[in-house]
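Good morning, colleagues. I would like to take a few minutes to go through one structure, looking at charged pairs, helix packing and buried positions.

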Amino acid sequence: MIIDFHCHAGKGDLLTAPANTNAPIEPYLRRARAAGIDKTVVVAGFNSDYAKANAEVARIVARHPDRLIGFAFVNCKRDRGRIRQMLERSVREWGFRGIKVHGVEALPTREVCDAAQALGLPMLVDVTARAHVVDMFAPQYPHVDFVIAHLGSFLDDFRALQQVVDQLVRYPNVYADTSAVRRFDYIVEAVKSAGPHKLLFGTDGPWLHPALEKYKIKLLKLSPKDEALILGGNAIRLMQKAARRRLPSGAARVGRKESAFAFS
């Protein structure tokens, strides 16, 4: 099974850039189907109200339950004091499987990490080239799986890319996605140094073409087993592990919705 671990969906309300204006899922789904992608993790685009934006993502996921898996987006500054509540709703009402935090707004705080640990959720984090913060939160929360978006830098900061490769080696709970990584040799180095079990295929759709992003994984020329780990096996493992760690009360309430995201 091929899983895109990083895609956006829904309308933003800031209207200053594509990422905060609109992330149309239908064109992405057509491209993803043609590229052989089976399931996709979706999060909102940038928004001034993530409670509202996450609810919209939930409606989008409900329209495509066989294709989409929801993650909750939170702003660790603006949503301070209600993050646990927002995440509990996302898990228990909508069957969401993880968290997204973006450093352009706010980097991870203890509040969001505590909630991730308590609810058993992996966290997709864009550290916006500030890879040093991984050395802060990863050892503090060894039971939370952190997936560092874009291997640490959407904007090709080679220092951040190299630092995240090193962090993949040092921290068992740190992973990275391959979306928008243009400096291909750092993906090669990540596989060589940390192993294929530490990378997850992602596209940063709908703005980046899923077939193009997937082809980067093909260019690694890995064994079928190792390629399958990056293209979906690692994502399945992290989300299944998270489901097993989830609070019993939450698991009981979301069991029916989670069955829609069963992996086979």
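Before we begin, one term: a residue is called buried when its relative accessible area is under 20%, exposed when that area is over 50%, and partly exposed in between. Please also bear in mind throughout that this is a predicted model.

Let me apply that term to a charged residue. Glu213 has a relative accessibility of 6%, and because the limit is 20%, it counts as buried. Its partner in a salt bridge is Lys216, with the closest N and O atoms 2.9 Å apart. Is Lys216 buried or exposed? Lys216 is buried, at a relative accessible area of 12%. Both residues belong to helix H8, which covers residues 210-218, and they are 3 residues apart, about one turn of the helix. As general background, an α-helix has 3.6 residues a turn, so residues three or four places apart point the same way.

The whole structure contains 10 salt bridges, and I shall discuss two others. One joins the side chains of Glu88 and Arg84, at 2.8 Å from N to O. These residues are 4 residues apart in helix H3, residues 83-94, and therefore separated by about one helical turn. Glu88 is partly exposed, with a relative accessible area of 22%, and Arg84 is likewise partly exposed, at 34%.

The other pairs Arg159 with Asp157, where the closest N and O atoms are 3.3 Å apart. Here the two partners fall into separate classes: Arg159 counts as exposed at 57% relative accessibility, while Asp157 counts as buried at 19%.

I now return to helix H3 and its packing. Two packed helices are described by the angle between their axes and the distance between the axes. For H3 and helix H4, residues 110-119, the axes come within 9 Å and cross at roughly 35°. The crossing is right-handed. On the H3 side, the contact is made by Ile83, Arg84, Leu87 and Glu88; on the H4 side, by Glu111, Val112, Ala115, Ala118 and Leu119. These residues divide into 6 nonpolar, no polar and 3 charged. Arg84 and Glu88, the salt-bridge pair just described, are thus among the residues of this contact.

Leu87, in helix H3, deserves a closer look. At 1% relative accessibility, Leu87 counts as buried. Leaving aside residues up to four places away in sequence, Leu87 touches Ala72, Val74, Ile99, Ala115 and Leu119. Of these, Ala115 and Leu119 are on the H4 side of the contact.

Next, helix H2, residues 50-63. Does the length agree with expectation, and what are the values on which we judge? At 1.5 Å a residue, the 14 residues of H2 should span 20 Å, and the end C-alpha atoms are 20 Å apart, which agrees. The buried residues of H2 are Tyr50, Ala53, Asn54, Ala55, Val57, Ala58, Ile60 and Val61. Their cover includes strand E2, helix H1, strand E4, strand E5 and H3.

Finally, strand E4 holds Val41, which counts as buried at 1% relative accessibility. Which residues does Val41 touch, not counting those up to four places away in sequence? They are Asp4, Phe5, His6, Cys7, Ile69, Phe71 and Met239. As for Cys7, it lies 34 residues from Val41 in sequence, yet the C-alpha atoms are 6.0 Å apart in space.

Terms used:
Residues numbered from 1 in each chain as written. Predicted model: local features only at pLDDT ≥ 70, side-chain atom pairs only at ≥ 80, totals over all residues. Heavy atoms only, no water. Salt bridge = Lys/Arg side-chain N within 4 Å of Asp/Glu carboxyl O. Helix = DSSP H or I, 4+ residues; strand = E, 2+ residues; numbered from the N terminus. Buried < 20%, exposed > 50% of the residue type's maximum accessible area, 1.4 Å probe, protein only. Axes fitted to C-alpha atoms, helices over the stretch in contact; angles between N-to-C directions. Left-handed = near helix turned anticlockwise from the far one by under 90°. Contact = heavy atoms within 4.5 Å. Nonpolar A, V, L, I, M, F, W, Y, C, P; charged D, E, K, R; others polar. Expected span 1.5 Å × (residues − 1).
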